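User: I'm new to reading protein structures. Could you walk me through this one, feature by feature?

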Amino acid sequence: MLDRIYRASVLGVAGRKPIEQLVRSRAWSVAQRFVAGESSASAIAAVQELARDGILSNLDLLGEFVDNVDAANEFAEKILAIQNEAAAAGIRPYLSVKLSSVGQGQAVEYGEDLGYLNARRIVGNARRLGGFVCLDMEDHLRVDQTLQQFRALVAEFGHESVGTVLQSYLYRSEADRSDLDDLRPNLRIVKGAYLEPGSVAMPVKADVDASYRRLVYAHLKAGNYVNVATHDPSIIDDAKMFVLSHGIPKTQFEFQMLYGIRRDLQKSLAAEGFTVRVYLPYGRDWYAYFSRRIAERPANVMFVLRGMMRG
Ligand code: FDA
């Protein structure tokens, strides 16, 4: 419950324009702990650096909801460009996309959804290049549409080219997981980063954690590929025990963490022979992403304030 109050306060304050302007102008040096630069060249350099420690990457061009066709198309073009740029640098273009940033919810000719049309171009390009696209999960109002669009994309391009995310704080996620089973989907399981009402999301952290474990175990038992995306050491240890005791091979799952968080754990898991992938956000539009990271952990507020005072 306290977690929720803390998160609501930070996101509430962060959402105010003057605060955004202040943080944007004073906190870039702090944000760089979580964001791998503003350009695609800096993102590619970060991918190469992680690779030296045996860690894979998941590129994320930062950007959230856009409300016009041109901006959505322009954003999609930038994603297509980074896919091509990564492939040209010898990197498998594995990336995440927020459908709201490429036009989800905007109807174009014949009533088609612009986000879906752009996602088809991006997933099609990933398939052509041997890459992968994970559709990030946003707030609960987008879950139905995202899962429907995911289903259509898997039907067209296959589960080797596209995956999506389920959030364990949502009451609906266990049912969503089993509904998707026929697709053999590649799913990233997360706890959930948005401020959601109690009618749809569990308010108590222990329940969110228990739901997280159930989702991971059910998806593994169903024989599907799981991205265990968390920094929670006890969940990670339990997942390791689960796969060991159920004879599940290391090729059926990977651990995923966010850029700049628990680097020690990322390295030690990779050294133990587990696949580890880091979600690597980059781009000029870093503020909303950065605010969610701060809202996850009280100690981060002090970290930001200290950085701003220095900065
Ligand atoms: P929890 O919050 O319980 O933290 C466990 C421990 O991790 C903490 O005690 C601390 O040590 C460390 N930690 C966690 N957050 C930290 C932070 N910000 N700074 C410093 N230390 C921190 N969410 C979503 O809604 N949609 C999505 O598509 C995604 N995608 C995604 C991809 C990947 C690869 C990851 C790892 C996470 C996401 N998330 C997400 C975010 C997710 O929902 C969640 O908010 C964060 O992962 C934090 O939760 P943990 O599982 O780490 O556990």
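User: What classes of residue make up the shell around the ligand, and how many of each are there?

Analyst: Keep in mind that this is a predicted model. To read a shell, sort its residues by class. Here you get ten nonpolar, six polar and nine charged residues. Of the 25 residues around the ligand, Gly-192, Lys-205, Thr-230, His-231 and Glu-296 come nearest.

User: Which strands supply at least two residues of that shell each?

Analyst: Three do: E4 (162–167), E5 (187–190) and E7 (253–258). E7 gives the most, with three residues.

User: Where does the ligand sit, and which residues have polar atoms lined up with the ligand's own?

Analyst: The ligand sits in the largest pocket. For polar pairs, look for N or O atoms within 3.5 Å of each other. A ligand nitrogen is 2.8 Å from a polar backbone atom of Met-137. On the side-chain front, an oxygen of the ligand is 2.9 Å from an N or O atom of Gln-167, and a ligand nitrogen is 2.9 Å from an N or O atom of Arg-188. As for cover, the ligand taken alone exposes 930 Å², and the protein buries 87% of that.

User: Is Ser-96 buried or exposed, and what does its side chain contact?

Analyst: The trick is to check relative accessibility: under 20% is buried. Ser-96 has 3%, so it counts as buried. Ser-96 lies in strand E2 (residues 94–97). The side chain of Ser-96 makes a polar contact with the side chain of Asn-58 at 3.0 Å, and another with the side chain of Arg-188 at 2.7 Å. You've met Arg-188 already: an N or O atom in its side chain is 2.9 Å from a ligand nitrogen.

User: How many residues of helix H12 are buried?

Analyst: You can use that cut-off residue by residue along a helix. H12 (residues 287–295) is mostly covered, with eight of its nine residues buried. Among them are Tyr-287, Tyr-289, Phe-290 and Ile-294. Arg-292 and Arg-293 are on the buried list too.

User: What is unusual to look for in phi, say at Arg-184 and Arg-262?

Analyst: Look at the sign of the angle and the residue type. Phi of Arg-184 is near 50°, a positive value in a residue other than glycine. Arg-262 also has phi near 50°. Arg-184 lies in the loop between helix H8 (173–180) and E5, while Arg-262 is in the loop between E7 and helix H11 (263–271).

User: Why do Arg-184 and Arg-262 count as partly exposed?

Analyst: Partly exposed runs between the 20% and 50% cut-offs. Arg-184 counts as partly exposed because its relative accessibility is 38%, and Arg-262 does because its value is 32%.

Note on methods
Residues numbered from 1 in each chain as written. Predicted model: local features only at pLDDT ≥ 70, side-chain atom pairs only at ≥ 80, totals over all residues. Heavy atoms only, no water. Near = heavy atom within 4 Å. Polar contact = N/O pair within 3.5 Å; in protein donor to acceptor, adjacent residues only side chain to side chain. Areas by Shrake-Rupley, 256 points an atom, 1.4 Å probe, with all protein chains shown as cover. 1 Å grid on protein atoms, 1.4 Å probe; cavity = no way out; pocket = protein on both sides within 12 Å on 5 of 7 lines; lining within 4 Å. Sits in = over half its atoms within 2 Å of the grid points. Helix = DSSP H or I, 4+ residues; strand = E, 2+ residues; numbered from the N terminus. Nonpolar A, V, L, I, M, F, W, Y, C, P; charged D, E, K, R; others polar. Buried < 20%, exposed > 50% of the residue type's maximum accessible area, 1.4 Å probe, protein only.
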